[in-house]
Amino acid sequence: MSDASAGLAIRLKAECKWDLVSLGEVMLRFDPGEERIAATRSFRVCEGGGEYNVARGLRRCFQQRTSVVTALADNPVGRLLEDLMLQGGVDLSHLRWVEYDGVGREARNGIYFLERGFGVRGAMGMMDRGHTPISQLKVGQVDWDAIFGREGVRWFHTGGVMCALSAESPAVAREAMVAAKRNGVVVSYDCNYRPSLWKNAGGRQGACDVNRMLAPFVDVLFGHEGDVSAVLCDASHGAPWHSRESYGEMAARVCGEFRNLKVIATTTRRPKTANQNDWSAFGFAEGKVFQSISFDDLEILDRVGGGDSFAAGLIYGLMEGKGLQWSLDCGVAHGALAMTTPGDSSMASQSEVERLMAGGSAGVQR
């Protein structure tokens, strides 16, 4: 083990087969481009999923060795998702295939439709993800000790999207986290609240209850006080927007309750239009507040996946021992670049991220 930044102890790269393993659902996204879902006659498709996007960003942008634990129904849509993930470079040796019954009564692959929005018309998504194989995953079906111990993993990542998929999903996430801690693996968790997923599972309070149940096993939390409130408060509703002082007070309260937390990181996004947002982040570690570089009036093509790319950049920086300030800046720059291209996944290179961190302009590069 080696001491890394922000109080984290991260396993040595040479000891592990994987730098990061994610647990989560991967869906097929249908994108109507500049048109509306209800009026278009063609869609562009890509793969996407909150936890998977982090693994893909670390692999494609930061050249890290990543794998995903997920499940798909074995039909042509599942094989298309497999092909897209293979292009993303994420290892699929922990992908579980489930037999397809020909109709989808027992298990089917998740899909979703998303309009990017423009100007005063916000982005709009429609999920179609019931009865998916990953939502049916149960405790005991994955040999986590084989993955974390015998194969070796430096970092494990999952989140609130995975935990919202079924009543059993939080227990599966907890099982994985406990095994990760048993094997000396750093655990990160993105609270990532989605109202549509929690609508019939307790809403915002239901999500907070699950987050609180899992928080004792987390080292790095992507979220804020409203995500782990015992009782709903003002912070539980709407996006966070902080000053250094207010963020420090908030993070200290959370870390005071969950003393195992080493790092809290929170993106702050202020939408002015669908295509113009203020974008930055705060972090907290070892009693200190860190504030990232800021992109005011950031022009956005497709905002989906910006938070996942932020998480990938921050995790990369912490795994490399670069400190929380550098890691925050890396995450914000990576997220900003991800929102300039279509789809859930980052298309940025590490050199582009570091150039933007250093204040590089949008001028033509020749």
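**Exercise 1. Work out whether F217 is buried or exposed, and describe its surroundings.**

Step 1. Start with the accessible area: F217 has a relative accessible area of 18%, so it is buried (buried means under 20% relative accessible area, exposed over 50%, partly exposed in between, with a 1.4 Å probe and protein chains only).

Step 2. Now find its place. F217 sits in the loop between α7 (203-214) and β12 (220-222). Helices (H or I, at least four residues) and strands (E, at least two) are DSSP runs, numbered from the N terminus.

Step 3. Look at the neighbours. Leaving out residues up to four places away in sequence, F217 touches R174, M177, V178, K181, V187 and N260; contact means heavy atoms within 4.5 Å.

Step 4. Check one distance. F217 and F258 are 41 residues apart along the chain, and their C-alpha atoms are separated by 9.3 Å.

A word on what you're looking at: this is a predicted model, where local features need pLDDT of at least 70, side-chain atom pairs count only at pLDDT 80 or more, and totals for chains, interfaces and linings use all residues. Residues are numbered from 1 along each chain as its sequence is written, and side-chain values use heavy atoms, with hydrogens and water left out.

**Exercise 2. Find which residue the side chain of R108 joins through a polar contact.**

Step 1. Locate R108: go to the loop between β7 (95-98) and β8 (111-115).

Step 2. List what R108 touches, not counting residues up to four places away in sequence: A73, D128, R129, G130, H131, T132 and P133.

Step 3. Pick out the partner. The side chains of R108 and D128 are joined by a polar contact of 3.2 Å. A polar contact is a pair of N or O atoms within 3.5 Å; within protein, one must be able to donate a hydrogen and the other to accept it, and residues adjacent in sequence count only if both atoms are side-chain atoms.

Step 4. Compare sequence with space: R108 and D128 are 20 residues apart in sequence, with 9.9 Å from C-alpha to C-alpha.

**Exercise 3. Describe where Y100 lies and what it touches.**

Step 1. Y100 is also on the stretch between β7 and β8, in the loop.

Step 2. Its relative accessible area is 29%, so Y100 is partly exposed.

Step 3. Skipping residues up to four places away in sequence, Y100 touches A73, D74, N75 and A107. Take A73: it is 27 residues from Y100 along the chain, yet their C-alpha atoms are separated by 5.5 Å.

**Exercise 4. For H131 and D297, say what is positive about phi and where each residue is found.**

Step 1. Begin with H131. Its phi is positive, about 65 degrees, although H131 is not a glycine.

Step 2. H131 belongs to the loop between β9 (124-128) and α3 (144-152), and at 52% relative accessibility it counts as exposed.

Step 3. Move on to D297. Here phi is near 55 degrees, again a positive value in a residue other than glycine.

Step 4. D297 has its place in strand β16 (residues 295-299). With a relative accessible area of 37%, D297 is partly exposed.

**Exercise 5. Describe the settings of two buried residues, S292 and N53.**

Step 1. S292 is in the loop between β15 (288-291) and β16, and its relative accessible area of 8% makes it buried.

Step 2. Follow the S292 side chain: it reaches the backbone nitrogen of A281 at 2.9 Å. Besides A281, the residues that S292 touches include S280, Q325, L328, D329 and V332.

Step 3. N53 is in helix α1 (residues 50-60) and, at 5% relative accessibility, counts as buried. Among residues over four places away in sequence, N53 touches G48, D308, D344 and S345.

**Exercise 6. Zoom out and describe the whole chain.**

Step 1. Count the elements: there are 11 helices and 16 strands.

Step 2. Judge the packing. The radius of gyration is 19 Å, close to the 21 Å that the globule rule gives for 366 residues, so the chain is as compact as a globular protein of that length. The radius is taken over C-alpha atoms, and the rule is 2.2 Å times the number of residues to the power 0.38.

Step 3. Finish with burial: 57% of the 366 residues count as buried.
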